[in-house]
Amino acid sequence: MPHFEEFYADKLRGSLGVTDAEAVLDLRGANRATAEASLKDMLERSRFGKSKVVAIRLAPPPEGGGETLFQPIGRLLLDAKRRGLIERLQTLPAQDGLGFYVSLAGKPQRSPT
């Protein structure tokens with residue numbers, strides 16, 4: 001596998017992170033049920049507000065390995081993207097830790113008729 005210079009690797013990973021987001025949903029330390037409920041609540045509320053960019057932070061895997069919330073939260077976010085609730089979805093850059101950078105679509109604008 002070829003190695004990339006850090007500049008190009010950042011381009012592939014995406015450089016938008018926590019400091020670029022308007023809000024942060026910090027799910028570090030939350031159990032799966034609480035994290036999923038918080039995310040669903042955020043997505044539901046976003047349907048009625050203006051578009052917003054949110055960084056979703058997740059806890060890293062425990063020492064020795066184990067499950068994280070990355071996969072279950074990622075699946076919920078992908079489903080929301082398919083339904084049109086999310087315009088942009090990418091992982092956070094490595095320096096921000098585990099998580100996602102999400103651009104919520106918000107309430108659709110009505111065209112004047």
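Here is a quick briefing on a four-stranded sheet, its strand S4, and the helices around it.

This is a predicted model, so keep the ground rules in mind: local features need pLDDT of at least 70, side-chain atom pairs count only at pLDDT 80 or more, and totals for chains, interfaces and linings use all residues. Residues are numbered from 1 along each chain as its sequence is written, and side-chain values use heavy atoms, with hydrogens and water left out.

**The sheet**

- Four strands form an open sheet in the order S1-S2-S4-S3, with mixed pairing; strands (E, at least two residues) and helices (H or I, at least four) are DSSP runs, numbered from the N terminus.
- At the edges sit S1 (23-26) and S3, each of which pairs on one side only; two strands count as paired if DSSP finds at least two bridges between them.
- On average, neighbouring strands are turned by 20 degrees against each other, direction ignored.
- Helix H3 packs on this sheet, touching S2, S3 and S4, and its direction makes about 155 degrees with that of S3. Contact here means heavy atoms within 4.5 Å, while axes are lines fitted to C-alpha atoms (for helices, over the stretch in contact) and angles run from 0 to 180 degrees between N-to-C directions.

**Strand S4 and its partners**

- All 6 of the 6 residues of S4 (residues 99-104) are buried, so the strand is largely enclosed by the rest of the structure. Buried means under 20% relative accessible area, exposed over 50%, and partly exposed in between (1.4 Å probe, protein chains only).
- Gly99, Tyr101 and Ser103 point one way from S4, while Phe100, Val102 and Leu104 point the other way.
- On one pairing, S2 (residues 52-57) runs antiparallel to S4 over 6 bridges, with Arg57 bridging to Gly99.
- In another, 5 bridges join S3 (residues 86-91) to S4, again antiparallel; Ile86 partners Leu104, and Thr91 partners Phe100.

**Leu104 and Ser46**

- Leu104, in S4, is buried at a relative accessible area of 3%.
- Leaving out residues up to four places away in sequence, Leu104 touches Met42, Leu43, Ser46, Ser51, Lys52, Val54, Leu85 and Ile86.
- The C-alpha atoms of Leu104 and Lys50 are separated by 8.5 Å, though the two residues are 54 apart along the chain.
- Ser46 belongs to helix H2 and is buried too, with a relative accessible area of 8%.
- With the sequence neighbours up to four places away set aside, Ser46 touches Leu104, Gly106 and Lys107.

**Helices H2 and H3**

- The axes of H2 (residues 32-46) and H3 (residues 70-82) come within 10 Å and cross at roughly 20 degrees.
- That crossing angle makes H2 roughly parallel to H3, because angles under 35 degrees count as roughly parallel, over 145 as roughly antiparallel, 65 to 115 as roughly perpendicular and the rest as oblique.
- On the H2 side, Arg32, Ala35, Glu36, Leu39, Lys40 and Leu43 meet Pro72, Ile73, Leu76, Leu77 and Ala80 of H3.
- Those contact residues divide into 8 nonpolar, no polar and 3 charged. Nonpolar covers Ala, Val, Leu, Ile, Met, Phe, Trp, Tyr, Cys and Pro, charged covers Asp, Glu, Lys and Arg, and the others, Gly among them, are polar.
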